[in-house]
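Okay, thanks everyone for coming. I'll put the structure up on the screen, and then we can walk through a few pieces of it together.

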Amino acid sequence: MIRVAVIGAGAGGLCALRHLCAKPATFDPVCFEQSGRVGGTWVYTDETGTDQYGMPIFSSMYQELLTNLPKESMAFPGFPFDKKLPSFIKSQDVLEYLEDYADHYDVIKKIKFYQYVQKVRPIDQEKVTVKWEVTYNDVRDTSQVSTEIFDGVIVCNGHYFVPLIPQIQGMDIFKGQIIHSHNYREPSPFEHQRVVCLGASSSGVDIAILLSKVANKVYLSHNKGTLKSQFPDNVELKAGIKCLKENSVVFQGGEEEEEIDSLILCTGYRFVFPFLSEDCKLDITDERVTPLYKHMIHTQFPSLSFIGICKVICPFPFFHMQVQLALAVLDGSVELPSKEDMDKDTEADFRKRLEQGLPWRHAHHMKEKQWDYNDELAAIVKSDPIPKSVSDLYNHVAVDRSSNILNYKKKNYVLTGPETFEEVQ
């Protein structure tokens with residue numbers, strides 16, 4: 001039996017458990033989850049800061065959130081969402097879907113809830129196959145510390161909970177409120193305010209539109225070039241921020257807006273793995289995590305894998321493919337290239353991104369690259385690829401979103417075959 005530690009019971013961790021439990025004669029998994037329920041970032045809470053046990057609030061959900069992907073593309077292969085739901089759904093709908101997924105595949109019994117992983121470290125490094133020492137404690141009673149030994153570790157701790165805070169000149173003198181979108185929950189505190197939202201990715205655009213219903217003025221500040229879509233009348237697009245003053249924001253180019261009440265940083269999140277010991281030899285430099293083959297397999301310790309590090313993806317199908325490779329490496333059904341060749345492949349992928357003009361911090365951004373990547377993983381593990389209808393619908397919605405930000409979520413879709421989809425009324 002191959003003992004496998006799964007860290008986190010969000011979507012990635014549940015997917016790992018589903019596939020591990022499908023091979024009971026091969027794998028003996030244990031999942032460590034620091035909260036009392038499954039769902040990870042999809043578990044909404046009004047709370048911000050820390051919870052009743054002093055643990056940081058994990059969720060970045062807000063009350064009026066609707067998915068920016070249609071449920072028809074989002075679903076795990078073989079486990080569709082409820083057909084009665086619209087295509088763009090609430091976070092609670094996604095949470096219920098993940099709970100149903102966990103129940104359907106009977107994985108709850110493998111989860112240790114309220115367990116905080118303190119440390120993961122490789123042992124027996126002089127041997128051909130390392131073991132993993134996992135130390136954890138009960139968040140309700142930190143004196144209860146346990147250690148177990150595993151053959152493999154699958155890290156599924158998510159990457160939407162430690163805010164990436166940019167250093168902006170004048171932050172120390174700005175008299176208004178500064179928060180990160182991680183701590184945004186609903187628009188009413190911003191009623192009648194003049195607000196700047198910094199960042200025009202999914203959350204920045206969404207929050208700016210939601211705030212426009214109650215705020216007097218919203219400035220959406222970004223460096224993405226021209227946004228093609230229309231926005232509400234009281235949302236004005238601005239360049240990135242140059243500096244802050246006591247009551248104003250100065251944008252790149254020198255334009256200044258005064259009497260700003262709040263600045264919301266929609267600036268993304270950092271990768272953090274505080275439980276990995278230095279012996280794990282993982283490096284994070286400007287949001288590039290190395291040394292990871294195919295963005296997931298540690299090249300020095302292949303029995304250590306990471307699910308869902310990649311960004312700008314269709315997440316659940318993506319996890320489905322990554323998990324299968326992680327398990328194939330653990331059970332030996334896939335033989336990896338040498339460490340040297342894996343590192344060369346990783347570096348070639350990164351250099352190609354830089355040559356395409358992508359910034360260093362986009363080392364794991366996939367966008368249109370994700371579909372070839374998924375097909376590559378499917379070929380390696382000899383599994384069914386993600387249907388073309390899923391990728392085509394994802395790409396269709398991405399184009400619609402870019403030009404129709406106010407209305408694209410009002411549409412509904414249905415997959416009509418492995419390669420086709422339709423918009424429905």
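I'll begin with the whole chain, then go to a helix pair, and finish with two sheets.

One thing to keep in mind: this is a predicted model. In overall terms, we have eight helices and 22 strands in the protein. The radius of gyration comes out at 22 Å, close to the 22 Å that the globule rule gives for 425 residues, so the protein is as compact as a globular protein of that length. If you want a feel for the dimensions, the C-alpha trace spans about 65 × 50 × 45 Å along its principal axes.

Okay, the helix pair. When people describe two packed helices, they give the angle between the axes and the distance between them. Here the pair is α1, residues 11-21, and α3, residues 91-104. Their packing angle is about 20°, and the axes sit 10 Å apart. The cut-off for calling helices roughly parallel is under 35 degrees, so α1 counts as roughly parallel to α3. As for handedness, α1 passes α3 in a left-handed crossing.

So which residues of α1 and α3 make the contact? On the α1 side you'll find A11, L14, C15 and R18, and α3 brings L98, Y101 and A102. Sort the contact of α1 with α3 by class and you get six nonpolar residues, no polar ones and one charged.

On to the sheets. Take the five-stranded one: it's open, the pairing is parallel, and the strand order is β8-β15-β9-β10-β11. At the edges are β8 (177-180) and β11 (235-238), each of which pairs on one side only. On average, neighbouring strands in this sheet are turned by 20° against each other, ignoring direction. Let's zoom in on one pairing there: β9, residues 194-198, runs parallel with β10, residues 217-221, over five bridges. If you'd like a spot to click on, C197 stands opposite L220 in β10.

Now the other sheet. Is the pairing in β12-β13-β14 parallel or antiparallel? It's antiparallel, and these three strands form an open sheet in that order. The edge strands are β12 (241-244) and β14 (256-257), and each pairs on one side only. Between β12 and β13, residues 249-251, there are three bridges in the antiparallel sense. One to look for on screen is L244, whose bridge partner in β13 is V249.

That's my tour, so let's open it up for discussion.

Key
Residues numbered from 1 in each chain as written. Predicted model: local features only at pLDDT ≥ 70, side-chain atom pairs only at ≥ 80, totals over all residues. Heavy atoms only, no water. Axes fitted to C-alpha atoms, helices over the stretch in contact; angles between N-to-C directions. Helix = DSSP H or I, 4+ residues; strand = E, 2+ residues; numbered from the N terminus. Parallel < 35°, antiparallel > 145°, perpendicular 65-115°, else oblique. Left-handed = near helix turned anticlockwise from the far one by under 90°. Contact = heavy atoms within 4.5 Å. Nonpolar A, V, L, I, M, F, W, Y, C, P; charged D, E, K, R; others polar. Pairing = 2+ DSSP bridges. Rg over C-alpha atoms; globule rule 2.2 N^0.38 Å.
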